[in-house]
Amino acid sequence: MRGQAGTAQSAEDGSGGTVPPQRPGGRAEARRQARSRAGRREAARQQGQQGRRGRRRMRRWQKVLVYGTAGVVVLTVAAGGYVYYRLNANIKEAPLFMGEEGDAGHETPDAFGRTPINVLVIGSDTRDNPEDCNLGAGTCGSGANADVNLLLHVSADRTNATVMSIPRDLRTELPGCKDESGKQVFKPQKHAMINSSLQGGPGCTVAAVRKLTDLPIDHFVQVDFGGVIKMSDAVGGVPVCVDNNIYDPRSHLKLSKGEHTLQGMAALQFVRTRYGFGDGTDIGRASAQHLFLSSMIRQLKSAGTLTNPAEMLSLANAATSALTVDPGLKGITKLVGLGDDISKVPTERITFTTMQVVPDPADTNRRVIGPGAAELFRMIKDDRPLTGDPAPDAAASTAPASSAPVATAPVSSAPVSSAPPAASGPARSGITVVVRNGTGITGRAGALVDKLRQDGFAKNTTTGQGVTADHSAVTYPAGKEAAAQQVAADLGLPASAVRAGQGSSIELLIGTDWTTGTSYPATAGGAAPETPAPDRSTALKNADARTADDTSGCAEVSHDATAPLPGLGAMSPIKAYDNSKDVPNSAP
């Protein structure tokens, strides 16, 4: 069977012999398969060449990408360096304090070692360059007066800020000033307009504001006319509202009743308009400026300017080219740091206000310090918010990680009633106190801790990190006022020394007014010395206070005859608008 099968599977050749058996299909199939194998080898060869060419191309593109990216990085860094130096070069510098006596003052740290910031913002009407000569009313080369004086206060915990306007019409005692060589550049004056102090330089205006308010001035920023125009353009315009038609022929501001977005010259006209707003004095202008600045702050936060690199560069270039600052703010990084501190404050806790003034009896066109101004200054000096209550978790959220969660410096504005007897309120054994030594005398905190424990207060009453404090106080968190009053009563502290804090513990601050003993020292007459806390309602009375988030108001146009027109005489800015149809509006 195997032989037959083999015979059957063999084939005869031409000589009658046999050939090896073939796979089905015969020689034709073999040739086809050979060609197929050759084709596959050729295809593989070509594919290999293409792969090698593709890999070479990929490597070339990778090199291009890598080198290109490196180039972009280098160019970006180089451009950043160029921008940094360009912006730095834009900023001008002048001494912080030029007074003939004293200094700019020093801030007092809170319980966490943080300090407030006070920055005097000066709007100069100086026309000492060709660009500013074409702006505003006046003569080229004239000026050197402070068109605007704003004191910016940022709280130590960066939860609130105050912007206080000082009217340029204010008459007060001005100090003499000297330059860095000791030469007198401004003579002292008993009763002169505060804006004239800029004639001695911005450091002279710092000295004048320091003398007026007794507030430390940490920095100043002086802005010229061109800066207002450039910055309003950089933010894409500033929305404002006027409650009536207005034309002020002095500032050349002309707007119809309603809302407008101001850029360029229109923005400058608005912030410089004095006779067209309110009662036609600098108080009306300050109010309009607050509206403008509040709107600019909202614009910066809502328009994405602070997160858009191109817009930030435009804004930075606009701002720095118009600035003169003190040495402590010289440099982009320092200005950015200040901006970062300010940006932490929400708009609803930025309060704009104007120091209280009354007409000068000697000249009703001028002003003198009015009732409530001293209270306003004290609120700022004590680092108290002018609007709203202390942020509930501010101390805990902003304190350094290593700090104990205790109350900060006093922030409540309301005076506290007399301390109750020691027996009232919660049991002493449940009242824990953190005692901080602000006297600089070793052992003071420990002595008061021992006193409180002996008097029945909680055994875990303890000392805290030392601070600097002029006045002793007891501060308390929400819900623990009665307990704080017990602590004050036990130690003989006056009622005014019990104030709200921002931490989670009751805190006793031992000031330099209490350097010995375990009971607060009494006066010679036997009564404990009291320094009444400044009252917020008094501080804000007639101060035109508003917060930066308030969009409800419009600038009030004056109804008085403060707008003189050639051939027509004086009239209200409203009538001046109607009688000046040939004058184009400042903004649509």
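Asp383 sits in the loop that links helix 10 (373–381) to helix 11 (394–398). The model is predicted. In it, phi of Asp383 is near 60 degrees, a positive value in a residue that is not glycine. Is Asp383 buried or exposed? Asp383 counts as buried, because its relative accessibility is 12% and the cut-off for buried is under 20%.

Asp214 also has a phi near 60 degrees, again positive and again in a residue other than glycine. Its loop runs between helix 4 (202–213) and strand 11 (219–223). Asp214 has 40% relative accessibility, so it counts as partly exposed. The table sets out the two residues.

| Residue | Phi | Relative accessibility | Class |
|---|---|---|---|
| Asp214 | near 60 degrees | 40% | partly exposed |
| Asp383 | near 60 degrees | 12% | buried |

Now the sheet. Eight strands form an open sheet with mixed pairing. Their order is 3-16-11-4-5-6-17-25. Which strands lie at the edges? They are strand 3 (92–93) and strand 25 (546–547), and each pairs on one side only.

Strand 11, which follows the loop of Asp214, pairs with strand 4 (residues 117–124). The sense is parallel, and the pairing spans five bridges. Within this pair, Ile122 stands opposite Gln222 of strand 11.

Helix 10, which precedes the loop of Asp383, packs on the sheet. Helix 10 touches strand 4, strand 5 (146–154), strand 6 (161–165) and strand 17 (350–354). The direction of helix 10 makes about 150 degrees with that of strand 6.

Methods:
Residues numbered from 1 in each chain as written. Predicted model: local features only at pLDDT ≥ 70, side-chain atom pairs only at ≥ 80, totals over all residues. Heavy atoms only, no water. Helix = DSSP H or I, 4+ residues; strand = E, 2+ residues; numbered from the N terminus. Buried < 20%, exposed > 50% of the residue type's maximum accessible area, 1.4 Å probe, protein only. Pairing = 2+ DSSP bridges. Contact = heavy atoms within 4.5 Å. Axes fitted to C-alpha atoms, helices over the stretch in contact; angles between N-to-C directions.
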